[in-house]
Amino acid sequence: MSRISGRFARVEPRRRVRRLVLGLLSDLPRKNCWTLAEHAGDASPDGMQHLLHRAKWDADAVRDDLRSYVVEHLRDDAAVLVVDETGDLKKGTATVGVQRQYTGTAGRIENAQVAVYLVYSAAHGHAAVDRALYVPRSWTDDPDRCRAAGIPDDLSFTTKPQLATKMIQRALDAGTPTRWVAGDEVYGDNPHLRSALEARPIGYVLAVSSTHQVTTPAGKFQARTLVPQIPRRAWQRLSAGAGAKGERYYDWAQLDITGPQERPGHWWLLIRRNRRSGELAFYRCSPRPVPLSELVRVAGRRWTVEETFQAGKGLAGLDEHQVRRWISWHRWVTLAMLAHAFLAVTAAAEHRDQPAPADLIPLTGNEIQHLFTTLINPIHDLAHRLRWSQWRRRHQARARASHYRRQAASQP
């Protein structure tokens, strides 16, 4: 909290943001302005809502502090910047950026809000260091709708790869120590993102689709058509890193491909084959001359973004916000990322300084949260609990009456 306190000119929001982050780190079953305010001892959620909506502070400046905090404690010169998007299911049409769209959270097209995140994946841990809300064309083509949600007037439609490019460049411009960028097919199939990375002193291992076109000395081919040409001796059994059930072994092969003639470097198509099912995955890699094992290591790091999403949502309420406006979304998400980064950094420090005994697993973020909550949870008197019980019943009664009025008004 001392690291970000300078971003708040007044003492009131400075104290309130501390209480909000402590609430995000708590074991509350659901985290929103109501539950966080009750946990903090406030008489109503008005103060928390004011902090997220009208108070004067810059969420992007706090994001920069968050990035420096993560880098300071997890610093790794061979780190990987992993980019990916995640969706939060939402009801209605008023929440900023929401529309019916595909989201991996549900595995199908749903009414959802989608955001792109950048994760710093280091040897000792990983945490999100940047975020960007994806605003579909259905929003950017409707200025009145954007204005109602507080979206800046100068915001134009930006694709997910373009959002990813901006976040990666912002991290590199800030001097973030890293050697690689990784991402899935959405980003690997995008030539503009690859070109932007090729212009920087950084390598990438980006997944591409099986129909992705690559150029070899023999001509241009779809990635999948090259697999039958790979001799058996070219496949190597390597681990992509430890998973929940142990090391993740696959068969791997790499092929030399032709990169942009105006840019020197080494270019490969990396192919992963499941040893049981034979399922294939393809990665485009550049431009460092490295062994196959290094490319496999980077490809395996891409999965840390899924672990970050799971921990951020499960432990820090990343997806539990009930805010609708542009500013409020960025503020909530940034503070949730900060709460999760605290758990990730604490776990890394514990593993480094006090390794677990042989008969115990290392401390996880879940257990650290449990211990921390036990240490700092506030104790409120009965009057506070009764006051909040009355507040909830009164609010629910108003919401129910408003629902019935709208329902009656819609009847012919």
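Which residues does Leu295 touch, not counting residues up to four places away in sequence? They are Trp180, Val205, Gln254, Trp268, Leu270, Cys285 and Val290.

## Model and confidence

The structure is a predicted model. The protein averages a pLDDT of 90, and 96% of the residues score at least 70. Confidence is highest in helix α7 (residues 160-173), at a mean of 98, and lowest in helix α14 (residues 382-410), at a mean of 70. Where pLDDT is low, the predicted coordinates should not be read in detail.

## Leu295 and the nonpolar core

Leu295 lies in helix α10. Its relative accessibility is 0%, so Leu295 counts as buried, the cut-off being under 20%. One of its contacts is Leu270; the two residues are 25 apart along the chain, and their C-alpha atoms are separated by 7.8 Å.

Leu270 and Val205, both touched by Leu295, are also among the residues that touch the most other members of the largest nonpolar core. That core has 116 residues, and the others named for touching the most members are Val70, Tyr117, Trp252, Leu269 and Tyr283. Helix α12 (residues 326-353) gives the most to this core, with 15 residues. In soluble globular proteins, nonpolar side chains tend to be buried together.

## Strand β6 and its partners

Val205 belongs to strand β6, which covers residues 203-208 and has six of its six residues buried. Gly203, Val205 and Ala207 point one way from β6, while Tyr204, Leu206 and Val208 point the other way. In a regular strand the side chains alternate between the two faces of the sheet. In β6 the residues pointing either way are buried.

Strand β6 pairs with two strands named here. With strand β5 (residues 180-183) the pairing is parallel and runs over four bridges; in it, Gly183 stands opposite Leu206. With β12 the pairing is antiparallel and runs over five bridges, and Ser286 in β12 is the bridge partner of Tyr204.

The loop between β6 and β7 (213-216) holds His212. At 9% relative accessibility, His212 counts as buried. Leaving aside neighbours within four places in sequence, His212 is in contact with Gly188, Asp189, Arg194, Phe221, Gln222, Ala223 and Arg284.

## Leu280 in strand β12

Leu280 is in strand β12, which spans residues 280-286. With a relative accessible area of 33%, Leu280 is partly exposed, whereas Leu295 counts as buried. Outside its neighbours within four places in sequence, Leu280 is in contact with Val227, Ile271, Arg272 and Arg273. Leu280 and Arg224 are 56 residues apart in sequence, with a C-alpha to C-alpha distance of 8.4 Å.

## Aromatic pairs and charges over rings

Seven aromatic pairs are found in the whole structure. In one of them, the ring centres of Phe8 and Trp57 are 5.1 Å apart and the planes stand at 40°, so the pair is tilted. Phe8 is in the segment before α1 (11-24) and Trp57 in the loop between α3 (46-53) and α4 (59-74), which puts the partners 49 residues apart. Phe8 and Trp57 are both buried.

Tyr250 and Trp303 also form a tilted pair, at 6.2 Å centre to centre and 40° between the planes. Tyr250 lies in strand β10 (residues 246-256) and Trp303 in the loop between α10 (292-301) and α11 (304-316), so the pair ties together parts that are 53 residues apart in sequence. Tyr250 counts as buried, at 15% relative accessibility.

Tyr250 and Trp303 form one aromatic cluster with Trp252 and Tyr283. Trp252 is in contact with Tyr283 and, among others, with Ala234, Trp235, Leu270, Arg272, Leu292, Val296 and Ala299, leaving aside neighbours within four places in sequence.

Arg272, a contact of Trp252 and of Leu280, lies over the face of Tyr250 at 4.7 Å from the ring centre. Another arginine, Arg237, lies over the face of Tyr249 at 4.0 Å from the ring centre.

Definitions and conventions:
Residues are numbered from 1 along each chain as its sequence is written. This is a predicted model: local features need pLDDT of at least 70, side-chain atom pairs count only at pLDDT 80 or more; totals for chains, interfaces and linings use all residues. Side-chain values use heavy atoms; hydrogens and water are left out. Buried means under 20% relative accessible area, exposed over 50%, partly exposed in between (1.4 Å probe, protein chains only). Contact means heavy atoms within 4.5 Å. Rings of Phe, Tyr and Trp (its six-membered ring) pair if their centres lie within 6.5 Å; planes under 30 degrees apart count as stacked, over 60 as edge-to-face and the rest as tilted. A charge sits over a ring if NZ of Lys or CZ of Arg is within 6 Å of the ring centre and within 35 degrees of the ring normal. pLDDT is the predictor's confidence in each residue, from 0 to 100. Two strands pair if DSSP finds at least two bridges between them. A nonpolar core is a set of buried Ala, Val, Leu, Ile, Met, Phe, Trp, Tyr and Cys residues joined through side-chain atoms within 4.5 Å.
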